[in-house]
Amino acid sequence: MSAAATLRSFTERTVSGLMRWSQLYVPTLREDPADADAVSHRLLVRGGFVRQLMAGHYSLLPLAVRVRAKITDIIREEMTAIGAQEFALPALHPAEIWQRSGRWEVMGEEMFRLKDRKGADLALGMTHEEIFTVLSQELKSYRDLPQMWYQFQTKFRDEARPKSGLLRVREFTMKDSYSFDIESAGLDRSFDLHKAAYERIFARLGLPAIPVQASSGSMGGSASVEFMSPSNAGEDLVVRCPGCDYAANTEKATSALPAVVDGPGLDAPERFDTPDARTIEELTRRHEVPAERQIKTLVYVVDDQLTLVLVRGDHALVEQKLIDTLAATAVRPATPEEIKAALGASPGSLGAVGVAELPVLADEALRGRTDMTTGANTDGVHLRGVSVERDIAVRRWADLREVTAGEPCPQCGTPLEVVVTIEVGHIFKLGRKYTEILGVTVLGRDGERVVPIMGSYGIGVERALASIVETHHDDKGIIWPVSVAPFEVAVVMLGTSDEKVTEAAEGLYRQLQGERVDVLLDDRDERPGVKFRDVELIGIPYRITVGARGLADGTVEVTTRATGETQSVPVAEAVEHVRKLLTAAV
């Protein structure tokens, strides 16, 4: 036998073997793992897809690798379709580049930092804006632009509380892409191309994803859009309107609050004793001051500056809005000791009336309000008759509050909904932040040097995998969409010692392989119930059951995982029947 024939024979045996359940590593479990909270965590562990190494770090087993490969193939196809080029960049970065961008400090404790044997500071990459920007330094002219570059790379984030399996981890694969354009109009085009590509990607993955307005956070930039998938396992809230296309996460959402008409109030604030009221609720209950007529005074340390933040008593502050408003690097609530030293009172009796030495920010819902009540900066004392703009030296007004369900949509007035979601993708316009800091210029059309403008676009691959499970499952297990299923079809033989059953099952298996169907042959010597439960648990879309009873009538059974529907089909027509089901599903 020639070397080529030997290699071909070995390859055929290897591929054939890997498609047989008896040789595949699929350690399914009968019971749910005790520490699994999210549905995807529970089913991916039970189905033999993943195993935890330590908190936030998971090993992907063969089934998960197959699903992951199909997800990345879909993403790669759509990125190629918009003209993006694939790179592979290092995950270990020199600190100097992050220090130049200013994010060595901004990233805080979430960045894994280490030193090499020479004592040089290094970081495990959380993201690659800086590294792609360094590569762009070799762009010479406007003729080299636009460029869209992307990669699939492992990212590391020292998540404080990893949880929910693959949904919140410390090590994960990210598809991150970056665009470089000569002007804003070009960035708009690159951004729109990515947005459309992401919509196609999530549709092909079978993953419902709502594009919403969002904050860019520590990445910087503007025109930020997150793709959010509804799920009870999520930790992000999305505000959306059922009457129009408005949608935003709570870090960005606004609403059209009804106008409030206040009375004239008092000529000056009046003190009154409240020794028994230290919360908004207690002031309402004991002194009949409605929450919407109270001013809630919050004290934060913003980049080492003690700052007062005012919101209406029945509203909640969104910290990210505060961070975005002030372009702050570090924000935290002040300690009781810091508050007492600065204002002379404890939380529960705080207010901004007469405070001149500290910056005061106020939410827009307080603008123009009169006859309000707030703390007097004396323990057990409040002020009533407060006119916000008359009595408080507000340095800055901003939208700081959290939108709640039922408030009017800012675009059409329909009552808003609040949905629990998982973030599965994020795109935003970076602007020239990184190209300016890292000294990237190209020759412009007029012969002058021009700083390129950037966009950044990410999809978490394993998070997308888990999110698909969150959306597609039932009480029996996972129901993978055909596009990403580890196998599209399982041929299950009932009775491995029966020659007719074995011959028919092997024949269907080879025919399906010949049709380029991703097929798994369940040739295990197990009871039918065990085989059926495993196929349902791991979520293979279609099952062909080959048994002696059916073969006696010349038929096999074809079962659709999503519906549970089973049809008896002549053996000779089974492959074509399944092929049509797969075509319709895709």
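This is a short guided tour of one protein chain, with a suggestion at each stop for what to select in your viewer.

**Stop 1: the whole chain**

Start with everything shown, and keep in mind that this is a predicted model. The protein chain has 586 residues, and 51% of them count as buried. Colour by secondary structure to bring out its 17 helices and 31 strands. Along the principal axes, the C-alpha trace spans about 100 × 65 × 50 Å.

Now switch on the surface. The protein chain exposes about 26,400 Å², and carbon and sulfur atoms supply 50% of that area. Contacts tell you something about the fold too: among those between residues at least 6 apart in sequence, 69% join residues at least 24 apart.

**Stop 2: a three-stranded sheet**

Select residues 270-273, which are strand S13, and residues 372-378, which are strand S18. Then add residues 381-386, strand S19. Together they make an open sheet with the order S13-S19-S18 and antiparallel pairing. Why do S13 and S18 each have a side without a neighbour in the sheet? Both stand at the edges with a single partner strand, so one side of each is left free of a neighbour there. Look along the sheet and you can follow its twist, which averages 35° from one strand to the next.

Zoom in on S13 and S19. Four bridges join these two antiparallel strands. For a landmark, select Phe272 and find His382 in S19 standing opposite.

**Stop 3: helix H9 and its cover**

Next, select residues 319-326 to show helix H9, where Gln320, Lys321, Leu322 and Thr325 are buried. What covers the buried residues of H9? The cover includes strands S14 (295-302), S15 (305-312), S16 (331-333), S17 (360-363) and S20 (396-398). Give each of these strands its own colour, and you can see how they sit around the helix's buried residues. Before leaving, click on Ala327, which follows H9 and has a positive phi, near 50°.

**Stop 4: Asp518 and its two partners**

The structure holds 41 salt bridges, and a good place to meet some of them is Asp518. Show the side chains of Arg66 and Asp518: they form a salt bridge whose closest N and O atoms are 2.6 Å apart. This pair links distant parts of the chain, with Arg66 in helix H3 (residues 62-81) and Asp518 in the loop between helix H14 (499-514) and strand S28 (519-522), 452 residues apart.

Now add Lys70, whose side chain also meets Asp518 in a salt bridge, at 2.8 Å from N to O. Lys70 lies in helix H3 and Asp518 in the loop between H14 and S28, so this pair ties together parts 448 residues apart in sequence.

Which of these residues are buried, and which are partly exposed? Arg66 counts as partly exposed, at 23% relative accessibility. Asp518 is buried at 14%, and Lys70 is buried as well, with a relative accessible area of 17%. The cut-off for buried is under 20%.

**Stop 5: a salt-bridge network**

Select Arg30, Asp522, Arg524, Lys531 and Asp534, which are linked in a network of salt bridges. Within it, pick out Asp534 and Arg524, whose closest N and O atoms are 2.8 Å apart. Asp534 lies in helix H15 (residues 528-538) and Arg524 in the loop between S28 and H15, so their salt bridge ties together parts 10 residues apart in sequence. Both Asp534 and Arg524 are buried.

**Stop 6: Gln153 and its surroundings**

Move to strand S7 (residues 147-156) and select Gln153. Is Gln153 buried or exposed? Its relative accessible area is 14%, so Gln153 is buried. Leaving aside neighbours within four places in sequence, Gln153 is in contact with Leu89, Pro90, Ala91, His128, Phe172, Thr173 and Met174. Try your viewer's distance tool here: from Gln153 to Gly431 is 23 Å, C-alpha to C-alpha, and the two are 278 residues apart in sequence.

**Stop 7: a nonpolar patch on the surface**

For the last stop, turn the surface back on and colour Leu237, Val418 and Val420, which make a nonpolar surface patch of about 170 Å². Val420 belongs to strand S21 (residues 417-431) and is partly exposed, with a relative accessible area of 30%.

Notes:
Residues are numbered from 1 along each chain as its sequence is written. This is a predicted model: local features need pLDDT of at least 70, side-chain atom pairs count only at pLDDT 80 or more; totals for chains, interfaces and linings use all residues. Side-chain values use heavy atoms; hydrogens and water are left out. Two strands pair if DSSP finds at least two bridges between them. Axes are lines fitted to C-alpha atoms, for helices over the stretch in contact, and angles run from 0 to 180 degrees between N-to-C directions. Patches are made of residues with over 30% relative accessible area and no salt bridge: like charges are joined within 9 Å, nonpolar side chains (Val, Leu, Ile, Met, Phe, Trp, Tyr) within 5 Å. Accessible areas come from the Shrake-Rupley method with a 1.4 Å probe; for residues, only the protein chains shown count as cover. A salt bridge is a side-chain nitrogen of Lys or Arg within 4 Å of a carboxyl oxygen of Asp or Glu. Buried means under 20% relative accessible area, exposed over 50%, partly exposed in between (1.4 Å probe, protein chains only). Contact means heavy atoms within 4.5 Å.
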